[in-house]
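Subject: Structure for your files

Hello,

I am passing on the structure we spoke about. The sequence and coordinates come first, and my notes on helix packing and annotation follow.

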Amino acid sequence: MRDLQAFRDPRPSRSAWELAITLIPFVILFALIASAAAAGHYFALGATPLAGLFLLRLFIIQHDCGHGAFLRSRKGNDWLGRALGVLTLTPYDCWRRSHALHHAATGNLDARGFGDVDTLTVREYLERGPMRRFLYRLYRHPVVLLGFGPAYLFLLRHRLPIGLMKEGPIYWGSAIATNLATALILAIPVWLWGVGVTAMVFFPVLISAASMGVWLFYVQHQFPEAHWDHAADWSFHDAALHGSSYLDLPPILSWFTGYIGIHHVHHLASRIPFYRLPEVLEKHSYLRDLNRFTALEAWSTMRLALWDEGERVLVSFREAFRIRNENRAPLL
């Protein structure tokens, strides 16, 4: 990790440029789509995924602010993160806290459940009753994980400081202020194009960005040889390096996703600005092949759902039942 400290310092001019070439095109593209849709040219809605990619990139910048990695000052990072949270519908202070817990406990079997994709062990799953097993299977289904889940997370769950309600007024303030500021911002397109057009454009853009973001988060920690340990054997370094993947995307997608696919490096040193992550791979070539997946290969991980503590791999539900039968576990 000491070798990575040289990449930590943000470059103010580069950060300003990255923000400008993400925020300005997003606003312009949103306005063009809304104007075209208001004029009856609904084919313009086909540009929704592109606008979603720019919104996703704004979230990556907000993410860097949460790590204190985008600007040099703590206040600058926090206030920029809060401003971007208005566009991404993500209360910044709430998200920063939950994401810090995720980084502090990645791969720790005894500290699951906050800021993560819920993951059971094979034993835990087989010990559950039929209804709880059904609900877990439903939760892990790709349609829920990448469709209903992101919609619920960004449209409903983020409206309140879920999980942080008792930790202090700052989280209530973050959620309520974000809600109010988002309403004020949305009043502008409503005034210009009406409620119908605004909803027709804004919600699909948000959901497309959210679904892509959740997929990224999923494949960054859910792959066959992902690293999990109980607290007594858990190591931050091992969990970061071996419990996070390197998603090797095509250059254009790497740019839109803020190189967050280089996730093992990010977990090792989260203070590195996203635009400097490729520099790390250039300098430390051994990291290029560690937990590396292409986009096509990463899709195969969607079948994984349970951690097999014996074999130390993530397995599918079908493989879990094979394990049960081999061990002659009682039928539940």
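Helix 8 crosses helix 9 in a right-handed sense. Please keep in mind that this is a predicted model. Helix 8 covers residues 169-193 and helix 9 covers residues 195-221. Their axes lie 7 Å apart and make an angle of about 125 degrees, so helix 8 is oblique to helix 9. On the helix 8 side, the residues that meet helix 9 are Leu186, Pro189, Val190 and Trp193. Helix 9 contributes Val195, Val197, Thr198 and Phe202. By class, the residues in this contact of helix 8 with helix 9 are seven nonpolar, one polar and no charged.

Helix 9 also packs with helix 2, residues 48-66. Here the axes come within 8 Å and cross at roughly 60 degrees. The arrangement of helix 2 to helix 9 is therefore oblique, and the crossing is right-handed. From helix 2, the contact takes in Thr48, Pro49, Ala51, Gly52, Leu53, Leu55 and Leu56. From helix 9, it takes in Pro204, Val205, Leu206, Ser208, Ala209, Met212, Gly213 and Leu216. The contact of helix 2 with helix 9 has 11 nonpolar residues, four polar ones and no charged ones.

On the annotation side, the unreviewed UniProt entry gives "transmembrane region" for residues 16-36, 42-60, 138-158, 170-192 and 199-218. I looked at two of these stretches in the model. Residues 199-218 are 100% helix and 0% strand, with 28 Å between the end C-alpha atoms. Residues 138-158 are 81% helix and 0% strand, and there the end C-alpha atoms are 21 Å apart.

The unreviewed UniProt entry also lists "domain: Fatty acid desaturase" for residues 44-283. Over residues 44-283, the chain is 65% helix and 2% strand. The C-alpha atoms at the two ends of that range are 42 Å apart.

One residue to look at separately is Ser254, which sits in helix 11, residues 251-256. Is Ser254 buried or exposed? Its relative accessibility is 14%; the cut-off for buried is under 20%, so Ser254 counts as buried. Setting aside neighbours within four places in sequence, Ser254 is in contact with Leu249 and Tyr259.

Regards

Note on methods:
Residues are numbered from 1 along each chain as its sequence is written. This is a predicted model: local features need pLDDT of at least 70, side-chain atom pairs count only at pLDDT 80 or more; totals for chains, interfaces and linings use all residues. Side-chain values use heavy atoms; hydrogens and water are left out. UniProt positions are given in the numbering used here, feature names are shortened, and annotations may be inferred rather than shown by experiment. Helices (H or I, at least four residues) and strands (E, at least two) are DSSP runs, numbered from the N terminus. Buried means under 20% relative accessible area, exposed over 50%, partly exposed in between (1.4 Å probe, protein chains only). Contact means heavy atoms within 4.5 Å. Axes are lines fitted to C-alpha atoms, for helices over the stretch in contact, and angles run from 0 to 180 degrees between N-to-C directions. Angles under 35 degrees count as roughly parallel, over 145 as roughly antiparallel, 65 to 115 as roughly perpendicular and the rest as oblique. A crossing is left-handed if the near helix is turned anticlockwise from the far one by less than a right angle, and right-handed if clockwise. Ala, Val, Leu, Ile, Met, Phe, Trp, Tyr, Cys and Pro count as nonpolar, Asp, Glu, Lys and Arg as charged, and the others, Gly among them, as polar.
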